[in-house]
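Thanks for sharing this one. Below are my notes, in numbered points, to read with the model open beside you.

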Amino acid sequence: AFLYQTIQGGNFIFLWGAAAFVVLFVFLLFRHRDVREKSRKLKALVKVNENENAYLNGDLSAFPHGNEFINRDHLYTHDLDIFGNYSLFQRINRTATKKGKLKLANELNDPETGNIREKQEAVKELAPGVDFRQNFMVEGSLVEEDEELEAKLKHWQARELATSNLLINKWVLFFFSALSVASLTYWFAFPTLGHFYLFTAF
C-alpha cells in the first residue's frame, strides 16, 4: 500500500533513493565478504612463511610428525626414521588434508618405482614456482574437513550411481523387449521375411 501510494503520488525521488540504498548495501556486503576472504588468505600466507622460517632454523614442530604411521615391523621405515619426530615424513610433509597426509604416508611405506622419472620432472617444474606453491598451501590450509559430511556425500553419490545404473538397465531391458515383440509380430505378419528379421534382431 505504501509503495502504491508513493507511485501514485509521483514521489519517484524516494523510490530512486531506496533503490540506490539497496544497491549500495548489496555492493558493500559483497565487498565485505571479499575483504574478509582476502584477510583470511593473507593471515594463512603469513602462517605458512612463519612455519617455513622456523623449519629453516631447525624447528619442525609446525609439521605433522606421522607417529601414527610408525610400524616397527616394516622392512625399512622404522630403521630409517621415515616417520616420527625429525623424520623424513615431517621434513617433506606439506599436506593440508587427512587424505593428503595418508597418501604421502602410503607413498613412503610402499613407493611406486615405475614413475620415478615423472616425479623428478614434477619436482623440477614446481621448484621455481614459490608463489604458486605458497598459494596452493594457503588454499589447502583453509579447507575445513567434515568427515560426517564427506560420508554423507559418498553415500549419496553411491545411491545416485546405483539409481542411474538401475534406470539404464530398465531402459536396456525395455528396448530389447520391445525389439523382441516387434520381431515376433513381424514374423507372424510376414512369415517369409520374418525368419530373416527375427534372426538378425538377435
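1. Let me begin with a residue towards the later part of the chain. Phe-136 is found in helix α6, which spans residues 130-141. Please bear in mind throughout that this is a predicted model. Is Phe-136 buried or exposed? Its relative accessible area is 59%, and the cut-off for exposed is over 50%, so Phe-136 counts as exposed. Phe-136 also has a distant partner to look at: Leu-45 is 91 residues away in sequence, yet the two C-alpha atoms are 9.9 Å apart in space.

2. Now for the overall layout. The chain has eight helices and zero strands, giving the pattern α-α-α-α-α-α-α-α along the sequence. Of its 202 residues, 13% count as buried. The accessible surface comes to about 16,600 Å², and carbon and sulfur atoms make up 65% of that area. Among contacts with a separation of 6 or more, 48% are between residues 24 or more positions apart.

3. The aromatic residues deserve a careful look. The structure holds five aromatic pairs. One of them joins Phe-69 and Phe-83: the ring centres are 5.6 Å apart and the planes meet at 50 degrees, so this pair is tilted. Both residues lie in the loop between α2 (12-56) and α3 (88-92), so the pair ties together parts that are 14 residues apart in sequence. Phe-69 and Phe-83 are both buried. Ring pairs also bring in Phe-89, making a cluster of Phe-69, Phe-83 and Phe-89.

4. Which residues form the largest nonpolar core? There are seven: Phe-69, Ile-82, Phe-83, Phe-89, Leu-104, Ala-105 and Leu-108. Helix α4 (residues 98-109) supplies the largest share of this core, with three residues. I would look at this region together with the ring cluster, as Phe-69, Phe-83 and Phe-89 belong to the core and are also linked by ring pairs.

5. Ile-82, another member of that core, is a good place to follow the packing. With neighbours within four places in sequence left aside, Ile-82 is in contact with Tyr-76, Thr-77, Ser-87, Leu-88, Phe-89 and Leu-108. Two of these partners, Phe-89 and Leu-108, are listed in the core as well.

6. Finally, do have a look at Arg-94. Its charged end sits over the ring of Tyr-55, at 5.1 Å from the ring centre. Arg-94 also lies over the face of Phe-63, where the distance to the ring centre is 3.9 Å.

Note on methods
Residues are numbered from 1 along each chain as its sequence is written. This is a predicted model: local features need pLDDT of at least 70, side-chain atom pairs count only at pLDDT 80 or more; totals for chains, interfaces and linings use all residues. Side-chain values use heavy atoms; hydrogens and water are left out. Rings of Phe, Tyr and Trp (its six-membered ring) pair if their centres lie within 6.5 Å; planes under 30 degrees apart count as stacked, over 60 as edge-to-face and the rest as tilted. Helices (H or I, at least four residues) and strands (E, at least two) are DSSP runs, numbered from the N terminus. Buried means under 20% relative accessible area, exposed over 50%, partly exposed in between (1.4 Å probe, protein chains only). A charge sits over a ring if NZ of Lys or CZ of Arg is within 6 Å of the ring centre and within 35 degrees of the ring normal. A nonpolar core is a set of buried Ala, Val, Leu, Ile, Met, Phe, Trp, Tyr and Cys residues joined through side-chain atoms within 4.5 Å. Contact means heavy atoms within 4.5 Å. Accessible areas come from the Shrake-Rupley method with a 1.4 Å probe; for residues, only the protein chains shown count as cover.
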